[in-house]
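Reader: I would like to go through this model with you term by term, asking on what grounds each description is given. Please set each value against its cut-off before you conclude.

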Amino acid sequence: MSTHNTNAQHTNPPTMKAQKGSIGVVGAAAIGVGGMMGAGLYTLVGLASASAGARLPLSFFIGGIVAAFSVYSYSKLGMKFPSRGGAAQFLVQGFGNGLVAGGMNIFQYFGWIIAIALYAAGFSDYAKVLFGLHDTPWVAKAIGVGIIAVAVIINIFGSKLVARTQTTIIAVELIILVVFVAVGLTHVKASAFSDTMAKDSGASLLRVLSAAGLLYVTYEGFGVVTNAAGSMAHPAKQLPRAMYLALGVVMVVYMASSVVVIGSIGASGAEAAEGHALADAGRAVMGSIGFTAIGVAALVATASAVNSTMFGDENLGMRIADVNEIPPSFRTPTRIGGNRGIFATALFAALFVDIFPLSAVGQLASLAFLLVYATVNLGHLRLVRETGAKRWILVASVVLNLVLFVLLFSQTILHGEVLTWVALVVLFVASFAAEWWWRGRTGQDRSWISRQVEPAEAGPAGSVGSAEPRA
């Protein structure tokens, strides 16, 4: 959630109109890079190293390859069904407006709420170490809930100001990351890396793959590129190229960052640091300046991700309310501004921050996204004649997403993380139960797959607004 799903994508600016041909492959790819790179990287490196050990770069690579299959599916769907509804719209197109699409869209909504909790917890972790705050549970929870409250206020009163500063925020974050990688790679000794690898020889392939599943969320955000299709001269060719170029750049930066982390503080150091491993690596490479720079960048990235994902999740809720998959009252305005949806989102996110530790919300978010994208790609199989997609690639995408899901889910069971896997099952079942109940109450079709498909609502050419939240 992301990984930013671009800050430009998920803040709520007025739709920007651009002339056809005004955005090329490089420009669209830059939007995609800004959409993916950010909060998830700062937050999940330490958690993933607990499973992957010194093979962390390999986990980033595998996660990126799996994401590449979804990029292919997404680019084909985005061209055929241009819409700012993102995955929510694609689910309706693939399965019709029935229980599958409705249940998965509610589940997806909760998945993004968990992502908000992940970024809020990450913000809290960096704030504690950066400002030397007492490491007590109530302090962490208070900071996490506080940043969520601030995001609500911003979304109601200051969204336009945030929208104007998002490009600057992205640029600063990327510059700090690039400097960190460039300087860090010069300090990494091959011997130190190989020694760490030898000590961690027990990290099996299954653990590396489960870490790849956890890191999948860091690649979320590629979908924002589809919003630029209307401004491309030859979108059929340029859109997939831009999406793959963005993914490739992000993969390289992620893998290089993980090499610096392992090569500077080791897998054990990253695991011990948990949510602030990147800052510890920055201190090892550049001293206190590096620690502060990475810490500040992380605070900005995670705070921005909370705000942007909240806006995107609100839009996602409004989108599925439009097709009557949840009560229309979700989008009812309030007297103080905003609508009921944003307050419901904030309340649920705060509850997740209070109940779950950072590791749990990280696993829950990735598990939810893997399942949602597997379902989107499964629905795409029903549309191959319309999209022209290659069936075998879509099948591979479904299988790969489900494999990472099963491995990560299994790890939560094997490690005794009962609260995590039970919460996922409860949310999944509750999503479909709620949809079944709501359809019965409103007299809608309760078929799992419906022939009723809502028309895609294409955004204006060059629109950067989206109902799909960031990761």
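Reader: Over which residues near the 458 mark does pLDDT stay under 50, and how many contacts beyond four places in sequence does the model have for them?

Author: The model is a predicted one, and its pLDDT stays under 50 over residues 458-465, a stretch for which it has 28 contacts beyond four places in sequence. Residues 1-18 also have a pLDDT below 50, with 103 contacts beyond near neighbours in sequence. Where pLDDT is low, the predicted coordinates should not be read in detail.

Reader: What are the pLDDT values for the protein as a whole, and which elements have the lowest and the highest mean?

Author: The average pLDDT of the protein is 82, and 80% of the residues score at least 70. Among the elements, helix H1 (residues 7-10) has the lowest mean pLDDT, 38, whereas H16 has the highest, 95.

Reader: Why is valine 145 called partly exposed?

Author: Its relative accessible area is 27%, and because buried requires a value under 20% and exposed a value over 50%, valine 145 falls in between and is called partly exposed. Valine 145 sits in helix H7 (residues 137-157), and, leaving aside neighbours within four places in sequence, it is in contact with Ala350, Val353 and Asp354.

Reader: How do you know that isoleucine 113 is buried?

Author: The relative accessible area of isoleucine 113 is 0%, and since the cut-off for buried is under 20%, the residue is called buried. Isoleucine 113 belongs to helix H6, and its C-alpha atom is separated by 9.1 Å from that of alanine 350, although the two residues are 237 apart along the chain.

Reader: What makes helix H5 mostly covered?

Author: The count is 9 buried residues out of 9 in helix H5 (residues 87-95), and among them are Phe90, Leu91, Val92 and Phe95 as well as Gln89 and Gln93. After H5 comes glycine 96, whose phi is positive, near 75°.

Reader: Which residues touch the most other members of the largest nonpolar core, and which helix gives the most to it?

Author: Tyr42, Ile148 and Leu278 touch the most other members of this core, which has 138 residues, and helix H6 (residues 99-131) gives the most to it, with 20 residues. Apart from it lies another core of 6 residues, including Leu381 and Leu394. In soluble globular proteins, nonpolar side chains tend to be buried together. Isoleucine 148 itself, not counting residues up to four places away in sequence, touches Ile116, Ala120, Val306, Met310, Ala346, Ala349, Ala350 and Val353.

Reader: Why are H10 and H16 called roughly perpendicular to each other?

Author: Helix H10 (residues 205-215) and helix H16 (residues 391-414) pack at an angle of about 105°, with their axes 8 Å apart; because angles of 65 to 115 degrees count as roughly perpendicular, the pair is described in that way. The residues that meet include Leu206, Leu209 and Leu214 in H10 and Leu404, Leu407 and Leu408 in H16, and by class the contact has 7 nonpolar, 3 polar and 1 charged residues.

Reader: How do you know that H10 and H14 are roughly perpendicular to each other?

Author: The axes of H10 and helix H14 (residues 358-380) come within 7 Å and cross at roughly 85°, and since 65 to 115 degrees counts as roughly perpendicular, H10 and H14 are given that description. Here Gly213, Leu214 and Leu215 in H10 meet Gly362, Gln363, Ser366 and Leu370 in H14, and the residues of this contact divide into 3 nonpolar, 4 polar and no charged.

Definitions and conventions: Residues numbered from 1 in each chain as written. Heavy atoms only, no water. Helix = DSSP H or I, 4+ residues; strand = E, 2+ residues; numbered from the N terminus. Buried < 20%, exposed > 50% of the residue type's maximum accessible area, 1.4 Å probe, protein only. Contact = heavy atoms within 4.5 Å. Core = buried A, V, L, I, M, F, W, Y, C linked by side-chain atoms within 4.5 Å. Axes fitted to C-alpha atoms, helices over the stretch in contact; angles between N-to-C directions. Parallel < 35°, antiparallel > 145°, perpendicular 65-115°, else oblique. Nonpolar A, V, L, I, M, F, W, Y, C, P; charged D, E, K, R; others polar. pLDDT = per-residue confidence, 0-100.
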